Number of protein chains: 2
Amino acid sequence: MTYCLAMRLKEGLLFLADTRTNAGLDNVSTFRKLHVLTPGPDRVFVLESAGNLATTQEVLDRISRDLTTPNESVTLASAEHLFEAALYVGRVSRAVVEEHKQALGEIGADATCSFILGGQIGDGAADVLQIYPEGNYIRASDDLPFLQIGESKYGKFLLELGVAAHVSMDEAVKVALTSMMSTARANLSVGPPYDLALYRPGSFRVEEKRIDGGAEFLSAALEIWERYLLSAIRELPPVTFESP
Amino acid sequence: MTYCLAMRLKEGLLFLADTRTNAGLDNVSTFRKLHVLTPGPDRVFVLESAGNLATTQEVLDRISRDLTTPNESVTLASAEHLFEAALYVGRVSRAVVEEHKQALGEIGADATCSFILGGQIGDGAADVLQIYPEGNYIRASDDLPFLQIGESKYGKFLLELGVAAHVSMDEAVKVALTSMMSTARANLSVGPPYDLALYRPGSFRVEEKRIDGGAEFLSAALEIWERYLLSAIRELPPVTFESP
C-alpha cells in the first residue's frame with residue numbers, strides 16, 4: 001500500500017507521499033513515489049503513484065523516453081493543458097498494464113496503478129488531478145480541494161478539518177503530515193521517510209523536502225495533538241444522560 | 001456498512017453504534033445495532049453488530065429464544081465467563097449463517113456478521129470482546145483498549161489519541177462521538193441517530209442514550225475541532241525548506 005495526497009490551496013499546491021513499498025510483509029523497501037518533472041521552462045509536474053511498483057517505474061521510464069524520442073502525439077513536453085497531460089499519463093499507464101497483466105494475473109497480482117498529477121502549464125491554472133487505472137481522471141473538488149490515493153481513509157478527517165479551517169500553505173504542510181502520521185500508525189505498509197513538495201503558481205519551480213521518521217515534527221506532533229484533543233473535548237458540549 | 005466501537009476505560013465500558021442500514025444506495029433505513037441484554041441480576045451484556053442485517057436479527061432472536069427455551073448447553077443466562085458468552089454468540093452466528101449462506105451466495109451477498117460483546121458476569125472483570133464471523137474472539141488490548149467493527153478506518157486516529165491522552169469516561173464519550181462523526185462524513189452508509197451506552201463495573205445497569213443527527217454536540221463539534229486544529233497547528237514545530 002501507499003499513501004499519497006495533494007492539496008490545492010490559494011497559495012499553491014501541496015504534495016506529500018510516503019516511501020514504503022512491500023511485496024508481502026517480509027519484503028519491505030523504500031522507493032520514491034513523488035516525482036518532479038520539468039520538461040520545459042513553461043511547465044512543471046509533480047506525479048505521485050500508488051499501486052504496482054514495477055508498473056509505476058515503467059510508466060516513469062516511458063514518460064521520460066517520450067520526452068527525448070516521442071512515441072505519442074502528446075507528451076508532457078507538448079501537452080497544452082493539464083488534463084491532456086493526465087490523459088497521456090493514463091494512456092501510458094494502461095499500455096504498461098496491458099503488457100504485464102496476463103503474467104501478473106497468473107500469480108494473482110494486480111498490475112494497475114493510480115496517479116495524482118499536479119502542476120502548471122503556461123498560463124493555465126495550477127491544479128491537481130487524479131488518474132484512474134482506466135486512464136480517465138478527476139479534478140479535486142472546490143468543496144474539498146484535495147486528492148488521496150492508496151490508503152486514504154485513516155487520514156481523511158484531518159484533511160477535511162484543514163480545508164474547513166482555510167489553512168495557509170505552511171499550516172497545510174502540518175495538516176498533511178499529521179494525516180500521513182495517523183495513516184502510518186494504522187497501516188504498516190505506509191511509512192517514512194516522507195516526500196513533501198510545494199508549488200507556488202507562476203514559479204515553475206517545485207520546493208522539495210524529505211522528512212525522516214525521526215524528524216522533530218513527527219516526534220512532537222503526537223504530544224501536541226493529544227493536548228489539543230483534551231482542550232477541544234473540554235469545550236465540546238456535554239452529552240448528558242437523564243436519570244431513568 | 002456500519003460503524004460500532006467499544007472502549008474499556010478505568011471507569012467502565014463505553015459503546016457507540018450508528019443506526020443506518022442499506023441494501024444498495026436506494027434502500028436506506030434505520031435499525032438499532034446496539035442491544036442491551038440483562039438475562040439475570042448478576043450479568044449484563046451490550047451486543048453491537050455489523051454485517052448482514054437479517055443475520056444479526058436472527059442471531060438476536062435465537063439468543064432471546066435460548067433464554068426461555070435453551071437450545072444450547074451455554075446461554076447468556078448460564079455463561080460463567082464473558083469469553084464463554086462470546087463463544088456462544090459466535091456459535092449462534094455461525095449457525096444462522098450456515099442456514100442462509102447458500103441462498104445468499106447465489107445472489108452474491110454475504111451472510112456474515114461481526115459482533116462486539118461487552119459487559120460483566122458476576123465478579124468477573126468488565127470487558128469488551130470482538131467476535132469474528134468464524135466464531136472466535138479477541139479482547140481489546142491493554143495498549144489500545146478499544147474495538148471497532150464495520151467502517152473502522154476513518155475514526156481510528158481519534159480513538160488512539162483519546163486513549164493516549166487517558167481520557168475520562170465523560171471525555172471518552174466526546175472522543176467516540178467525534179470518531180463516529182468523522183466516519184459518517186466520509187461513508188454514506190454510516191449515519192445518525194447514534195446509540196450510546198455506558199456501563200460502570202458492578203452496577204449491572206447500562207445507561208443508554210440516543211443522539212439525533214441534529215444534537216447540539218454534533219453541530220458544535222465541527223467548529224470546535226476546526227478551531228483547536230488551528231491552535232495545534234500553530235504550536236507544531238515548523239517544517240522548513242532550505243534554499244536550493
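What covers the buried residues of H5(B)? The cover includes helix H3 (156–164), helix H4 (169–186) and helix H5 (216–235) of chain A, together with helix H4 (169–186) and strand S12 (206–211) of chain B.

This is a predicted model, in which local features need pLDDT of at least 70 and side-chain atom pairs count only at pLDDT 80 or more, whereas totals for chains, interfaces and linings use all residues. Residues are numbered from 1 along each chain as its sequence is written, while chains are lettered from A and ligands numbered from 1 in the order in which they are written.

Helix H5 of chain B, residues 216–235, has 20 residues and reaches 29 Å from its first C-alpha to its last, close to the 28 Å expected at 1.5 Å a residue; the expected span is 1.5 Å times one less than the number of residues. Helices (H or I, at least four residues) and strands (E, at least two) are DSSP runs, numbered from the N terminus. H5(B) has a kink of about 25° centred on B:Leu222, where the bend is the angle between axes fitted to the seven residues ending at a residue and the seven starting there.

Among the buried residues of H5(B) are B:Phe217, B:Trp225 and B:Ile233; a residue is buried if 20 or more other C-beta atoms, placed from the backbone, lie within 10 Å of its own, exposed if 12 or fewer, and partly exposed in between. B:Ser219 also has its place in helix H5 of chain B, but counts as exposed because it has 11 C-beta neighbours inside 10 Å.

Chain A can be laid on chain B with an RMSD of 0.0 Å by a turn of 180° and a shift of 0.0 Å along the axis, and the two copies are thus related as by a two-fold rotation axis. The superposition is by least squares on the C-alpha atoms of residues with pLDDT of at least 70 in both.

Between the chains, 39 residues of chain A are in contact with 39 residues of chain B, contact being C-beta atoms, placed from the backbone, within 7 Å. The largest share of the side of chain A that touches chain B, 14 residues, comes from H5(A).

The table lists backbone features in the loops of both chains.

| Place | Feature | Value |
|---|---|---|
| A:Pro192 to A:Pro193 | cis peptide bond | omega near -5° |
| B:Pro192 to B:Pro193 | cis peptide bond | omega near -5° |
| A:His166 | positive phi, not a glycine | about 50° |
| B:His166 | positive phi, not a glycine | about 50° |

How values were computed: Two residues are in contact if their C-beta atoms, placed from the backbone, lie within 7 Å.
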